[in-house]
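Visitor: I would be grateful for a close look at one part of this structure, the salt bridges and the helix that carries several of their partners. Please set that part in the context of the whole chain.

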Amino acid sequence: MSDEDVLHRISALVDEEHRLRSGQSEQGEATLARLTALEQQLDQCWDLLRRRRAATESGSDPAAADVRPVSEVEGYLG
């Protein structure tokens with residue numbers, strides 16, 4: 001997966017999130033669960049993109065960066 005692929009994925013996830021938040025679909029339990037899943041996937045994508053870019057800047061192989069589990073990405077304290 002390239003940086004461009006990750007950015008396209010982020011864009012698709014953001015589009016879906018905006019559609020759900022704009023009220024174009026029912027705001028039920030399923031929508032809230034989907035929004036939570038979207039937020040987690042976005043966090044994973046942004047994390048992956050940051051790590052790929054850091055690898056590139058340091059001369060490492062960005063392809064070696066894998067998507068980290070939600071529990072790891074969401075548990076990061078900064």
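Guide: In this predicted model, the count of salt bridges comes to 7. One of them joins Arg21 and Glu39, with 2.3 Å between the closest N and O atoms. Arg21 belongs to helix H1 and Glu39 to helix H2, so this pair ties together parts that are 18 residues apart in sequence. Arg21 is partly exposed, with a relative accessible area of 46%, and Glu39 also counts as partly exposed, at 33%.

A further salt bridge is formed by the side chains of Asp47 and Arg68, at 2.5 Å from N to O. Since Asp47 lies in helix H2 and Arg68 in the loop between H2 and H3, the pair ties together parts that are 21 residues apart in sequence. Asp47 counts as buried, because its relative accessibility is 6% and the cut-off for buried is under 20%. Arg68, at 23%, counts as partly exposed. Arg68 also forms a salt bridge with Glu72, where the closest N and O atoms are 3.3 Å apart. Glu72 is partly exposed, with a relative accessible area of 40%. Asp47, Arg51, Arg68 and Glu72 are linked in a network of salt bridges.

Helix H2, which carries Asp47, runs over residues 29–57. Its 29 residues reach 42 Å from the first C-alpha to the last, close to the 42 Å expected at 1.5 Å a residue. After H2 comes Gly59, which has a positive phi near 85 degrees. The buried residues of H2 include polar and charged ones, among them Thr31, Gln44, Asp47 and Arg52. Their cover includes helix H1 (3–21) and helix H3 (70–74).

Gln44 is placed in H2 and counts as buried at 15% relative accessibility. Leaving aside residues up to four places away in sequence, Gln44 touches Val67, Arg68, Pro69, Val70 and Val73. Arg68 thus appears both among the contacts of Gln44 and as a salt-bridge partner of Asp47. Under the same exclusion of sequence neighbours, Leu48 touches Met1, Val6, Ala65, Asp66 and Val67.

Leu48 is also part of the largest nonpolar core, which has 11 residues. Val6, Ile10, Leu13 and Leu20 are among its members, as are Leu35, Leu38, Leu42, Cys45, Leu49 and Ala65. H1 and H2 are the elements that give two or more residues to this core, and H2 gives the most, with 6. In soluble globular proteins, nonpolar side chains tend to be buried together.

In the loop between H2 and H3 lies Ala64, which counts as exposed at 56% relative accessibility. Ala64 and Arg52 are 12 residues apart in sequence, and their C-alpha atoms are 8.1 Å apart.

As for the whole, the protein chain comprises 3 helices and 0 strands, in the pattern α-α-α along the sequence. Its radius of gyration is 14 Å, well over the 12 Å that the globule rule gives for 78 residues, so the chain is more spread out than a compact globule. The C-alpha trace spans about 45 × 25 × 15 Å along its principal axes. Of the 78 residues, 24% count as buried. Among contacts with a separation of 6 or more, 52% are between residues 24 or more positions apart. The chain exposes about 5,300 Å², of which carbon and sulfur atoms supply 51%.

Notes: Residues are numbered from 1 along each chain as its sequence is written. This is a predicted model: local features need pLDDT of at least 70, side-chain atom pairs count only at pLDDT 80 or more; totals for chains, interfaces and linings use all residues. Side-chain values use heavy atoms; hydrogens and water are left out. Helices (H or I, at least four residues) and strands (E, at least two) are DSSP runs, numbered from the N terminus. The expected span of a helix is 1.5 Å times one less than its number of residues. Buried means under 20% relative accessible area, exposed over 50%, partly exposed in between (1.4 Å probe, protein chains only). Contact means heavy atoms within 4.5 Å. A nonpolar core is a set of buried Ala, Val, Leu, Ile, Met, Phe, Trp, Tyr and Cys residues joined through side-chain atoms within 4.5 Å. The radius of gyration is taken over C-alpha atoms; the globule rule is 2.2 Å times the number of residues to the power 0.38. Accessible areas come from the Shrake-Rupley method with a 1.4 Å probe; for residues, only the protein chains shown count as cover. A salt bridge is a side-chain nitrogen of Lys or Arg within 4 Å of a carboxyl oxygen of Asp or Glu.
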